[in-house]
Amino acid sequence: MSALARLSELGLVLPPVATPAGAYVPAVRTGSFVFTAGQLPLVGGAMAATGKLGAEIDTAQGQRLAETCVLNALAVVHDLVGLDAVVRVVKVVGYVASAPGFTAQPAVLNGASELLGKIFGQAGRHARSAVGVAELPLGAPVEIELVVEV
Amino acid sequence: MSALARLSELGLVLPPVATPAGAYVPAVRTGSFVFTAGQLPLVGGAMAATGKLGAEIDTAQGQRLAETCVLNALAVVHDLVGLDAVVRVVKVVGYVASAPGFTAQPAVLNGASELLGKIFGQAGRHARSAVGVAELPLGAPVEIELVVEV
Amino acid sequence: MSALARLSELGLVLPPVATPAGAYVPAVRTGSFVFTAGQLPLVGGAMAATGKLGAEIDTAQGQRLAETCVLNALAVVHDLVGLDAVVRVVKVVGYVASAPGFTAQPAVLNGASELLGKIFGQAGRHARSAVGVAELPLGAPVEIELVVEV
């Protein structure tokens, strides 16, 4: 089943591509790779929530925000090359705005990783780095970037 | 117009390649990519400023430091493959040392992105991730790495 | 001398591949690249130490933890493609959990970079980004990811 068909079966819709937060583009294709910009949990142009994991945002909410970041990233990939051109999700880097002592970044980012698995199956199995950072743009709790092979 | 000609027209000069801050090299070419090391705002071997955005460093100064990081990165690319070999700037990752509550990382990194646009035109349009981090090497306020296609 | 032979000469043994901390895989090969997941200083499934550089962990200990991250990363590469398939270490990104004011991330990551040099010689010379972050998964003091050419 294609990624687009699977997305539909999951009841998910790719959002419009979010306007970049600065003087850059949402993604670049080079050879057989697409590198996305870091994607924030924007919904309809507004941040779905702001704050840090371990303070204003709990892990379950963080997982949903990570899913939103992934949908935004996939919208960007779809806009550039078409989602069904994706051969493999290669790498996910997930930055989690973390209050002191919050170390469950992997649990938060499982929201992203599991959604990629549901959409792409085996082709969604990716390498991942999870990092807890001090602050993210516009107060975002989570930021996610993808490298995909097309 | 070539990137080198454009740089000259902008009145900019590539600095000497900064000595890496550790046991690594400034950049690696592999196939059609160059990956640079994270570049700090070093000028003549000394940090142009130290401190955090949202505390000692304001956004306008951060933008100028981001420009300095980009010039250092381009010096490294030029030294390795020649600046005019660049086909496309693919990805910029910008780490901004951020005091609590500072969330204007995108504005700071626009200093880098806009300079790349001036130098490379359409070929300078890149994907970007902006992150606010706790600390950077040697107290740097900004660190920037590039992936370019050659 | 092959990387495996050199590893043996150094008295080092690749550990078993650590179970990923989430819903991802330890590494992905795509074309002539292997991207590893961020590797933590796990030994036998447990974190070798927890805490931050500049607080609970000193630079010398951080360097040893960075070496452990590299051995875990190389185990992952070996499991996927065989260590002797590595043509070049391209990029190292090192995240260092940093207490306020700790700016010696490069010194910590030299533990990683120098070990790669000992194992791979010239082929181990890589570009590197060093960043000081707020928190890392499971309280890890250091996390390291590699991009290698195979």
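These exercises walk through strands, helices and a chain contact in a predicted model.

Local features need pLDDT of at least 70, side-chain atom pairs count only at pLDDT 80 or more, and totals for chains, interfaces and linings use all residues. Residues are numbered from 1 along each chain as its sequence is written, while chains are lettered from A and ligands numbered from 1 in the order in which they are written.

**Exercise 1. Describe the surroundings of strand β7 of chain B.**

Step 1. Find the strand. Helices (H or I, at least four residues) and strands (E, at least two) are DSSP runs, numbered from the N terminus. β7(B) covers residues 142-149.

Step 2. Check burial. A residue is buried if 20 or more other C-beta atoms lie within 10 Å of its own, exposed if 12 or fewer, and partly exposed in between; C-beta atoms are placed from the backbone. Seven of the eight residues of β7(B) are buried.

Step 3. Find the partners. Strands pair if DSSP finds at least two bridges between them. Strand β2 of chain B (residues 33-36) runs antiparallel to β7(B), with three bridges. Here Phe33(B) has Glu149(B) as its bridge partner. Strand β5 of chain B (residues 88-97) is also antiparallel to β7(B), with eight bridges. There Gly94(B) is matched with Ile144(B).

**Exercise 2. Classify the packing of helices α2 and α3 of chain B.**

Step 1. Know what to look for. Two packed helices are described by the angle between their axes and the distance between the axes. Axes are lines fitted to C-alpha atoms, for helices over the stretch in contact, and angles run from 0 to 180 degrees between N-to-C directions.

Step 2. Read the values. α2(B) (residues 59-81) and α3(B) (residues 105-120) pack at about 40°, with axes 7 Å apart.

Step 3. Name the arrangement. α2(B) is therefore oblique to α3(B). Under 35 degrees counts as roughly parallel, over 145 as roughly antiparallel, 65 to 115 as roughly perpendicular, and the rest as oblique.

**Exercise 3. Describe the side of chain A that touches chain B.**

Step 1. Count residues. Residues are in contact if their C-beta atoms, placed from the backbone, lie within 7 Å. Chain A brings 24 residues and chain B brings 26.

Step 2. Find the elements. β1 (27-30), β2 (33-36) and β7 (142-149) of chain A each give two or more residues. β1(A) gives the most, with three.

Step 3. Sort by class. Ala, Val, Leu, Ile, Met, Phe, Trp, Tyr, Cys and Pro count as nonpolar, Asp, Glu, Lys and Arg as charged, and the others, Gly among them, as polar. The side of chain A has 15 nonpolar, six polar and three charged residues.

Notes:
Two residues are in contact if their C-beta atoms, placed from the backbone, lie within 7 Å.
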